[in-house]
Amino acid sequence: MKISYGLYMVMTNPVVGYEECARAGVRCGVPFIQLRMKNATRDEIVSEAWKVREVTRGTDSLFIVNDDVTIAKEVDADGVHLGQGDMSLAEARKIWNVPGKIFGLSTHSEKQAETAIDQKPDYIGIGPIFPTPTKAIADPDLGVERAGAIAKSTPLPHVVLGGIDGTNLAEILQAGAVNYCAVRAIMQSPEPEVEIRKLQNIWAEYIL
Ligand SMILES: Cc1ncc(COP(=O)(O)OP(=O)(O)O)c(N)n1
Ligand SMILES: Cc1ncsc1CCOP(=O)(O)O
Ligand SMILES: [Mg+2]
C-alpha cells in the first residue's frame, strides 16, 4: 500500500452526488475514495456503493467503505474504514477474509495510535485536527502540532483529518503529516475536481 500519496477523499453528502464526485476523484488520480454516508439506510448505502464500485473499478483509485464491513464485502470494495466505536478490526477480518483488502482504523490520541499498532491496520486516521461539524460527535480536536507529532511518530501509514482545506494544508504538512482528508472543502463544491486539484497542487509543491 502506498505510504505517501497526499489526498484520501472521504465522500459525505457531496453536492454533485456520490457518483459524480467519485468520477472527479478518479479523473484526478486520488488513490483512496471512501464512501461515508451517515444517517442513510443500508439499502441506500449499498446502492451508492455499487455505483462508486463501478466508477473506481480498474482505475488507480481504491474504493473504501466506511463503518460497515458487510457492505464492503457485498460490493467487493477494496477496503473498509473502522472507527474506535465500530466493529473491531479482528472481527471485520473474520467476516471479510480476503487477501489484499484494506482495513483502516481511526485514532484520536497518542495512546490510540500506539494501541493501533497491535491491531495491524493498513493505515490509521488521525484526527480531528480542528473542530468539525462533519462528524456528529467528534473527539476533542488535536491541533496541528499534536496531530503532526502523532503522524511523525507512528510506524503505520497515516492520514490526518478534521477541518483541513486549502488555507491550512501547508501548515499541517509542515507539522509532519503526509496524507490527509478534506471532506467539506471538496464535498461542498459544485466543482469538486477544481478543489481536489487545488489541494493536490499545494501538497505537490510542499512534499515533492
Ligand atoms: C480515513 C478516515 N479516518 C477517520 C475516519 C473517521 O471514522 P470514525 O471515527 O468511525 O467516524 P465516522 O467517519 O464513522 O463518523 C474516517 N471515516 N476515515
Ligand atoms: C470523519 C472525521 N473524523 C475525524 S474528523 C472527520 C470529518 C472531517 O471532515 P471535514 O474535513 O469536513 O472537517
Ligand atoms: Mg465509523
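For the residue classes used below, Ala, Val, Leu, Ile, Met, Phe, Trp, Tyr, Cys and Pro are nonpolar, Asp, Glu, Lys and Arg are charged, and the others, Gly among them, are polar. The model on screen is predicted.

**Stop 1: the annotated span.** Select residues 18-186. The unreviewed UniProt entry annotates residues 18-186 as "domain: Thiamine phosphate synthase/TenI". Helix makes up 40% of this span and strand 15%. Pick the C-alpha atoms at its two ends, and the distance between them is 12 Å.

**Stop 2: ligand 1.** Show the residues around ligand 1; there are 17 of them. N66, H81, G83, S106 and G125 are the closest. Next colour β1 (8-11) and β5 (102-107), the elements that each supply two or more residues to this shell. Colouring the shell by class gives 7 polar, 5 charged and 5 nonpolar residues.

**Stop 3: ligand 2.** Move to ligand 2, which has 13 residues around it. Label T132, T134, G162, V183 and R184, the closest ones. By class, this shell holds 6 nonpolar, 5 polar and 2 charged residues.

**Stop 4: C28.** Select C28, in the loop that runs between α1 (18-27) and β2 (32-35). Is C28 buried or exposed? C28 counts as partly exposed, because it has 19 C-beta neighbours inside 10 Å and a buried residue needs 20 or more. Leaving aside residues up to four places away in sequence, C28 touches E193, I196, R197 and Q200. Finally, add Y5: 23 residues separate Y5 and C28 along the chain, and their C-alpha atoms are 12 Å apart.

Key:
Residues are numbered from 1 along each chain as its sequence is written. Chains are lettered from A and ligands numbered from 1 in the order in which they are written. This is a predicted model: local features need pLDDT of at least 70, side-chain atom pairs count only at pLDDT 80 or more; totals for chains, interfaces and linings use all residues. UniProt positions are given in the numbering used here, feature names are shortened, and annotations may be inferred rather than shown by experiment. Helices (H or I, at least four residues) and strands (E, at least two) are DSSP runs, numbered from the N terminus. A residue is near a molecule or strand if its C-beta atom, placed from the backbone, lies within 6 Å of it. A residue is buried if 20 or more other C-beta atoms lie within 10 Å of its own, exposed if 12 or fewer, and partly exposed in between; C-beta atoms are placed from the backbone. Two residues are in contact if their C-beta atoms, placed from the backbone, lie within 7 Å.
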